[in-house]
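Welcome! Have a look at the sequence and the structure, and then we can talk them through together.

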Amino acid sequence: MLARLASGPATVSELAQPLSMSLPAVLQHLKALEGSGLIRSEKKGRVRTCRLNPGVLSAAERWLVDRRSEWEVRHDRFEEYVMELKENDDDRQA
Amino acid sequence: MTDKLDLVLERTIDAPIDLVWAAYTNPEHLKRWFAPRPYEVTECELDLRPGGIFRIRMVGPDGFDTGHGVPGCVLEVIEGRKLAWTSALGPGYRPNLAGEGCESFPMTAVITFEDAGDGKTAYRAVSLHKDEADREKHEQMGFHDGWGTVAGQLEEFAQSLRTNA
């Protein structure tokens with residue numbers, strides 16, 4: 001649902017349509033997402049439209065930044081390189 | 001040591017300890033992984049003894065070039081087990097100007113290696129900073145690479161949402 005909302009606002013029925021979930025289950029799920037601040041929704045007549053809360057993307061971005069410090073990314077590169085060296089060693093021994 | 005000041009990383013890598021040590025300490029190897037792409041290390045000196053030089057020259061496609069660079073200082077070497085260096089000091093322990101070391105802020109790196117059996121190596125890499133602001137600077141370096149690109153794309157996307165909202 002979040003992936004669908006990432007490409008733009010959608011009505012509840014649009015969100016429910018590709019899912020094999022009952023409408024009440026979908027509504028409950030959306031309520032939880034809204035409760036946690038990930039999405040917001042508004043009702044016009046009988047149609048409820050949901051959209052991703054833009055602030056969430058900044059938070060998601062921050063999450064990525066927090067978990068992927070340059071220190072970590074540098075050591076990812078280091079490990080990739082060690083594995084390359086190891087493979088080359090194995091090739092030489094083979 | 002606190003979470004607020006340091007970046008701590010502990011991992012086990014599926015390679016024997018001598019190979020891991022060589023990849024971390026041999027300047028020719030270091031050149032291959034130290035810089036965040038598309039940046040490149042074109043020169044590297046690492047003299048593996050206390051007081052020895054640690055110097056890198058980093059260049060980028062956008063004309064970025066650290067030039068000769070202000071060298072850092074090796075603090076401790078236990079062959080195959082431990083390397084500690086700092087950018088706060090230069091070779092022979094002579095103090096650097098603040099923020100002129102191998103990085104744009106003073107930092108000390110302590111890396112320890114341990115044989116984890118089965119041809120694997122456990123290692124721990126700690127980066128120590130003088131304050132939280134420096135730790136944050138370090139965290140956010142190099143974000144043109146990998147997740148940095150993702151974060152950039154997310155930001156653009158978030159902005160497009162805001163514009164459309």
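Here are some questions and answers about this predicted model.

Residues are numbered from 1 along each chain as its sequence is written, while chains are lettered from A and ligands numbered from 1 in the order in which they are written. As this is a predicted model, local features need pLDDT of at least 70 and side-chain atom pairs count only at pLDDT 80 or more, whereas totals for chains, interfaces and linings use all residues.

Q: Over which residues of chain B is the pLDDT below 50?
A: The pLDDT is the predictor's confidence in each residue, from 0 to 100. Chain B has a mean of 82, with 79% of its residues at 70 or more. Where pLDDT is low, the predicted coordinates should not be read in detail. In chain B, the stretch with pLDDT below 50 is residues 143-155.

Q: How is the crossing of α5(A) with α1(B) classed: parallel, antiparallel, perpendicular or oblique?
A: Helices (H or I, at least four residues) and strands (E, at least two) are DSSP runs, numbered from the N terminus. Axes are lines fitted to C-alpha atoms, for helices over the stretch in contact, and angles run from 0 to 180 degrees between N-to-C directions. The axes of α5 (residues 70-93) of chain A and α1 (residues 17-25) of chain B come within 10 Å and cross at roughly 125°. Under 35 degrees counts as roughly parallel, over 145 as roughly antiparallel, 65 to 115 as roughly perpendicular and the rest as oblique, so α5(A) is to α1(B) oblique.

Q: Which residues of α1(B) make the contact with α5(A)?
A: Two residues are in contact if their C-beta atoms, placed from the backbone, lie within 7 Å. From α5(A) come Phe78(A), Tyr81(A), Val82(A), Leu85(A), Lys86(A) and Asp89(A). From α1(B) come Leu19(B), Val20(B), Ala23(B) and Tyr24(B).

Q: Which strands stand at the edges of the sheet in chain B?
A: Two strands pair if DSSP finds at least two bridges between them. The open sheet has seven strands in the order β1-β7-β6-β5-β4-β3-β2, with antiparallel pairing. Each edge strand has a single partner, so one side of it is left without a neighbour in the sheet; these strands are β1 (6-13) and β2 (40-46) of chain B.

Q: Which residue in the turn between β2(A) and β3(A) has a positive phi?
A: Strands β2 (residues 39-44) and β3 (residues 47-52) of chain A pair in the antiparallel sense over six bridges. They form a hairpin with two residues between them. The positive phi, about 60°, belongs to Gly45(A).
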